[in-house]
Structure formats: C-alpha cells, structure tokens
Amino acid sequence: MSIKWTGVFPAVTTKFTANDELDFPAFDLNIEAQLEAGAEGIILGGSLGEASVLTDDEKFGLLSHTLSLVNGRVPVLLNIAESTTKKAIEVAKKAESLGANGLMLLPPMRYNAAADETLAYFGAIAESTKLPIMIYNNPVDYKIEVTLDMFEVLTKYDNIQAIKESTRDVSNVTRLINRFGDRFAIFTGVDPLAMESIVMGAHGWVAGLVDAFPRETVAIFRLIKQNRIAEALTIYRWFLPVLELDIHAKLVQYIKLAEVATGLGTEAVRAPRLPISGAEREKVLKIINDALAVRPELPAGSWGK
C-alpha cells in the first residue's frame, strides 16, 4: 500500500489489562472508532503508545494484530524510537516483513546526536527498507532538531516522504513549504497548534486527543480543508482546553483518562507511569467533563468514512 499523506493519523494509545498485558478488545474498540470517524492512517508505538515500555514481542504483536484488524482500510505505521542505528534497522526490517505500510522515525534516543550523526542514522534506516517514512521532528521533547538544511540532505531518499512537525513554531510549516514545495507532506504534531498549522498548509494531523474525540478531530481537519474556517474555529475553541492535555509530561495518563470519559479506552498504564490521583486528577477530569457538558454538534458531512 502506498500512503496518501493527508488527513488525521491518530497516534493511538496502547491498552493494558489489570494484569499488565496487552488489552486487545479495548484497543480494537478504539481503532474501530477512529476508522468510523474517518481517520486516514494509524500510528502505533509512539510516545503516546508507551513505546519505551513495550517489549519487541509486544510491539510486533500489536503491529500484526492491527494490520489484521484494519485489513487495508488505512495505512498502519510503526514508530521507531531506538538508541542504536543497528536496532532501528532491525525494527524497520521486521516491520516491513510483517506488512507494515510505513514508519514514523525519531532521531536517536538517549544521545544528543549532532547533525551529521542524525542524518547518518536517518539515511541508514531509509536505505534498509522500502517503506515510506515520516520523520518526527520534536526538538522540544527529544532535544534534536531536524533543520531545513538537514531536510535538504534527506530529499535524496525517495522513501522519506513526510514530516511530523512538532517544533511548536507554526511558521515552520511555511518555511518547509517555501523551501521544499510539495516534496514532503507536512503533518502537524502538536494538538493545541493544529488548526493554525493546517490553515498554514499542513497536509495532515498526527493527533493525540483524537483517541478520545475522533469525530471532532476529523471534523476540524476536514472543515479547514473545505475552507469552512468559522465552523472549524467554533469546534477548535471548544476543544482547545482538552487539546492542551497533549503537551504535558503526563499526556499518556491524561489522554487515557479522556478515553475513559468518552467510552473509548481504559486508564491502565505501564509502570513507571502511574494513574494520576488527587488534585491533579480532579483538575484534568474537570477539563474533560466541562468539555463533554457542552460538546458541540458537528456539521453534517464533516466526519465519517
């Protein structure tokens, strides 16, 4: 499957049982809700998917399961977040052998790689697989920025096709378009800056709160692309306090709590993460419940398959 790089690509959470095993029924329920709302791709094993605490068997088991469940309806991408080039290549090759449709790729983990090291890392992985690749550029959380000059070098790899733009500088969308035209598909990766980025020309949205609010997320994206800005803005303004849960160190716990509130998930996380409690829990629940109390009616045709 070639990837049509547009639309909402949920970065899905990984569901766990009370016994700390993968919870496939809860996971399946959420995936079907994403597809029913009109998601155009699924991304597994990202930061929100608790990739750092998954075993290889769990990661690849989740990939195989998702591919079977989705059954070609949309592309399924696996995130690669590894410390060594050797391991990242192994993951890329395994993902391709299992039938993954694409990869999302972070710079090296646990080492603040220089520009030449980061480029060598990306290049080695791109050369190891035929799968389409999205580069995840998030210097705020991962401390390595992929600059425009670095993306210039990466243009020589045909399978590096998309960018998850998470610098938190909305102007970077315009800089990328000015520099590269349509060479790279640009996806906004920061929920509270999504509307601004899409208006500025982003082709898609790698979303987090979509896990709890799939229809609203898709509706915002589609309405903007239809130039129905006022309708999109009404939903976005309602959604923004919830979207801001995406830019916190505990985004996994917060978004899973939102999934529980909308009936699309469970709260279980894997240690060292713990479910939030006390005043923090009440604060987050208030944000979610206040939004649910005035959940807007979506314009006809703004979401769905």
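The following exchange goes through some labels used for this predicted model.

Biologist: Why is glutamate 50 called buried or exposed?

Modeller: Buried means under 20% relative accessible area. Glutamate 50 has 0%, so it is buried.

Biologist: Where does glutamate 50 lie, and what is its phi?

Modeller: Glutamate 50 lies in the loop between strand E2 (42-44) and helix H2 (56-70). Its phi is near 55 degrees, a positive value in a residue other than glycine.

Biologist: Why is asparagine 71 called buried or exposed?

Modeller: Exposed means over 50%. Asparagine 71 has a relative accessible area of 65%, so it is exposed. The residue sits in the loop between H2 and strand E3 (76-80). Asparagine 71 is not a glycine, yet its phi is positive, about 55 degrees.

Biologist: Why is strand E5 (residues 133-137) said to be largely enclosed?

Modeller: Five of its five residues are buried, so the rest of the structure largely encloses E5. Ile133, Ile135 and Asn137 are buried on one side. Met134 and Tyr136 are buried on the other.

Biologist: What makes E4 (residues 102-105) and E5 a pair?

Modeller: Pairing takes at least two bridges. E4 and E5 have three, so they pair, and they run parallel. Methionine 104 has methionine 134 in E5 as its bridge partner. From E4 the chain passes through helix H4 (residues 115-128) to E5, in a right-handed β-α-β crossover.

Biologist: What makes E5 and E6 (residues 160-165) a pair?

Modeller: Five bridges join E5 and E6 in the parallel sense. Two would do, so they pair. In E6, lysine 164 is the bridge partner of tyrosine 136.

How values were computed. Residues are numbered from 1 along each chain as its sequence is written. This is a predicted model: local features need pLDDT of at least 70, side-chain atom pairs count only at pLDDT 80 or more; totals for chains, interfaces and linings use all residues. Side-chain values use heavy atoms; hydrogens and water are left out. Buried means under 20% relative accessible area, exposed over 50%, partly exposed in between (1.4 Å probe, protein chains only). Helices (H or I, at least four residues) and strands (E, at least two) are DSSP runs, numbered from the N terminus. A crossover is right-handed if, with the strands pointing away from the viewer, the path from the first strand over the helix to the second runs clockwise.
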